[in-house]
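Colleague: I am new to this structure, and I would like to understand a single part of it properly rather than skim the whole. Please choose one helix, take me through it slowly, and explain each term as you come to it.

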Amino acid sequence: MAIMINLDVVMAMRKKSLTELANEVDITLANLSILKNNKAKAIRFSTLEAICKSLDCQPGDILQYIDEEEQTEN
């Protein structure tokens, strides 16, 4: 997938645990873990907004576009 989710990096920088973030965002640990491990196929804007609010960050801090063609050439 061309979109990488760097949630684990931002969580570590903010010193927030998975459980703490799940409670603040009102999302299940399982679904947050799927996001954190870059296994998600989609994310609701309301969930992204709640994560950004809780972590005091921008969506671009969590989401990153990686050109798959460029990645396979290297």
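**A close look at helix α4**

Modeller: Let me start from one residue, C52, which counts as buried because its relative accessibility is 10%; buried means under 20% relative accessible area, exposed means over 50%, and partly exposed lies in between, all with a 1.4 Å probe and protein chains only. Please keep in mind that this is a predicted model, in which local features need pLDDT of at least 70 and side-chain atom pairs count only at pLDDT 80 or more, while totals for chains, interfaces and linings use all residues. Residues are numbered from 1 along each chain as its sequence is written, and side-chain values use heavy atoms, with hydrogens and water left out.

C52 is one of the buried residues of α4, the others being T47, L48, I51, S54 and L55. Seen down the axis of α4, these buried residues fall within an arc of 165°, so they line one face of the helix; the arc is that of the directions from the helix axis to the C-beta atoms. Across from them, on the other side of α4, F45, S46, E49 and K53 are exposed. Helices here are DSSP runs of H or I with at least four residues, and strands are runs of E with at least two, both numbered from the N terminus.

As for what the buried side meets, the buried residues of α4 pack against α1, α2, α3, α5 and β2, the last of these covering residues 63–65; contact means heavy atoms within 4.5 Å. Just beyond the helix comes D56, whose phi is positive, near 50°.

A reader who notices C52 may wonder about sulfur bonds. The structure holds 0 disulfides, a disulfide being a pair of cysteine sulfur atoms within 2.5 Å. C52 is accordingly in no disulfide, and the nearest cysteine sulfur, that of C57, is 4.1 Å away. Seen from C57, the closest cysteine sulfur is that of C52, and at 4.1 Å the two are too far apart for a bond. C57 also counts as buried, because its relative accessibility is 9%.

Turning to single residues of the buried face, T47 belongs to α4 and counts as buried because its relative accessibility is 17%. Leaving aside neighbours within four places in sequence, T47 is in contact with V25 and I27.

Towards the other end of the helix, S54 and L55 are both in contact with L21, which also touches L7, M11 and L32, again leaving aside neighbours within four places in sequence. L21 lies in helix α2 and is buried, with a relative accessible area of 0%. Although L21 and L55 are 34 residues apart in sequence, their C-alpha atoms are 8.2 Å apart in space. S54 and L55 are also in contact with K16, whose other contacts beyond four places in sequence are M11 and E24. K16 sits in the loop between α1 and α2 and is buried, with a relative accessible area of 18%.

The partner helix α1 (residues 7–14) supplies L7 and M11, which are buried along with V10. Seen down the axis of α1, its buried residues fall within an arc of 100°, so they line one face of that helix. The face of α1 turned away from this buried side carries the exposed residues A12 and M13.

I51 leads to one more feature, since I5, L7, L35, I43, I51, I62 and L63 line the largest cavity. On a 1 Å grid over the protein atoms alone, a cavity is a set of points where a 1.4 Å probe fits but cannot get out, and lining residues have an atom within 4 Å of a point. The volume of the largest cavity is about 40 Å³, a volume being the space filled by probe spheres set on the points, which are joined across faces, edges and corners.

Finally, to place α4 in its setting, the protein has 6 helices and 2 strands, in the order β-α-α-α-α-α-β-α along the sequence.

Notes
On a 1 Å grid over the protein atoms alone, a cavity is a set of points where a 1.4 Å probe fits but cannot get out, and a pocket is an open set with protein on both sides within 12 Å along at least five of seven lines; lining residues have an atom within 4 Å of a point.
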